Amino acid sequence: MVCLGNICRSPVAEGVLRHRLTEAGIDHVHVDSAGTSGWHNGEHPDRRSSLNAKQNGVDISKQISRKFMIDDFENFDIIYVMDQSNYRDVTTLAASETHLRKVRLLLNEINPGSNMPVPDPYYGGEEGFQNVFELIDRACLRIVERISKNEL
Ligand code: 4NP
């Protein structure tokens, strides 16, 4: 799960996907998150994201921000990005067609082909965080459903 800072959106996506997988009894999927910028390396998630996730039953408070790295193309089968800007930043680093094909916009799981972004809540109000949580949760439920059906 990749966004710009790895302190707002992608930590929520990491926590929610792991939570939904555990709930579904799926234990063979490795989930991680990263940011394209590295601006918040070593930091815990933004406290607004942490608080909102906690209110929705998911603890992301212990996750640590890190920068997306080239090795992630080898280490992961699918790289979900939150918006078009993340998509550009990540795909620019891809060294092959195989790597490029791993990069997907998260919300295309629920709105195929629409290329909708998970909006960046960093400069907005609290309601933005709940909106982000709900969008991410719907996408993660769909991912878990597709993993269960061996579609992913
Ligand atoms: P994120 O949000 O990409 O969802 O983690 C942001 C976090 C920090 C900044 C921008 C977006 N920033 O400018 O520091």
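Okay, let's start with one residue: D120 is partly exposed, with a relative accessible area of 40%. Keep in mind that we're looking at a predicted model. I picked D120 since its side chain meets that of R9 in a salt bridge, 3.9 Å from N to O. And where do R9 and D120 lie? R9 lies in helix α1, while D120 is in the loop between β4 (103-105) and α6, so this pair ties together parts that are 111 residues apart in sequence. R9 itself counts as buried, at 2% relative accessibility.

In general, side chains of opposite charge can pair when their charged atoms come close. How many salt bridges does the structure hold? There are 14, and I'll show you two others.

Take D32 and R66: their side chains meet in a salt bridge at 3.1 Å, N to O. That pair also links distant parts of the chain, with D32 in the loop between α1 and β2 (34-35) and R66 in the loop between α2 (47-55) and α3 (72-75), 34 residues apart. D32 counts as partly exposed, at 26% relative accessibility.

Now for a pair inside one helix. R142 forms a salt bridge with E145, and their closest N and O atoms are 3.4 Å apart. These two sit three residues apart in helix α6, so about one helical turn separates them. R142 is partly exposed, with a relative accessible area of 26%, and E145 is partly exposed too, at 36%. Going back to R9 for a second, salt bridges that share partners join R9, D83 and D120 into one network.

Okay, on to the nonpolar side of things. The largest nonpolar core has 27 residues, and the ones with the most contacts inside it are M1, L17, L106 and I136. Which elements give two or more residues to this core? Those are α1 (9-23) and α6 (126-148). The largest share, nine residues, comes from α6. If you click on L17, you'll find that it touches M1, V31, C140, I143 and V144, leaving aside residues up to four places away in sequence. There's also a second, separate core of nine residues, which includes V2, A34, F68 and V90.

Last topic: empty space. Rolling a probe the size of a water molecule over the atoms shows where empty space is left. The structure holds one cavity of 30 Å³ or more, and the largest cavity has a volume of about 40 Å³. Our friend R9 turns up again here, in a lining made of C8, R9, V12, S49, N52, P121, F129 and V132. The elements giving two or more residues to that lining are α1, α2 and α6. By class, it divides into five nonpolar, two polar and one charged.

Then the pockets. The largest pocket holds about 470 Å³ of space. It is lined by 22 residues, and the closest to its centre are V29, H30, F76, D77 and I78. Here α3, β3 (79-81) and α6 are the elements that give two or more residues to the lining. The lining has 14 nonpolar, four polar and four charged residues.

The second largest pocket has about 150 Å³ of space. What lines the second largest pocket? Among its residues are W39, H40, Y122 and Y123, plus the pair we started with, R9 and D120. Its lining divides into seven nonpolar, two polar and two charged. That's it from me, thanks!

Note on methods. Residues numbered from 1 in each chain as written. Predicted model: local features only at pLDDT ≥ 70, side-chain atom pairs only at ≥ 80, totals over all residues. Heavy atoms only, no water. Core = buried A, V, L, I, M, F, W, Y, C linked by side-chain atoms within 4.5 Å. Buried < 20%, exposed > 50% of the residue type's maximum accessible area, 1.4 Å probe, protein only. Helix = DSSP H or I, 4+ residues; strand = E, 2+ residues; numbered from the N terminus. Contact = heavy atoms within 4.5 Å. Salt bridge = Lys/Arg side-chain N within 4 Å of Asp/Glu carboxyl O. 1 Å grid on protein atoms, 1.4 Å probe; cavity = no way out; pocket = protein on both sides within 12 Å on 5 of 7 lines; lining within 4 Å. Points joined across faces, edges and corners; volume = space filled by probe spheres on them. Nonpolar A, V, L, I, M, F, W, Y, C, P; charged D, E, K, R; others polar.
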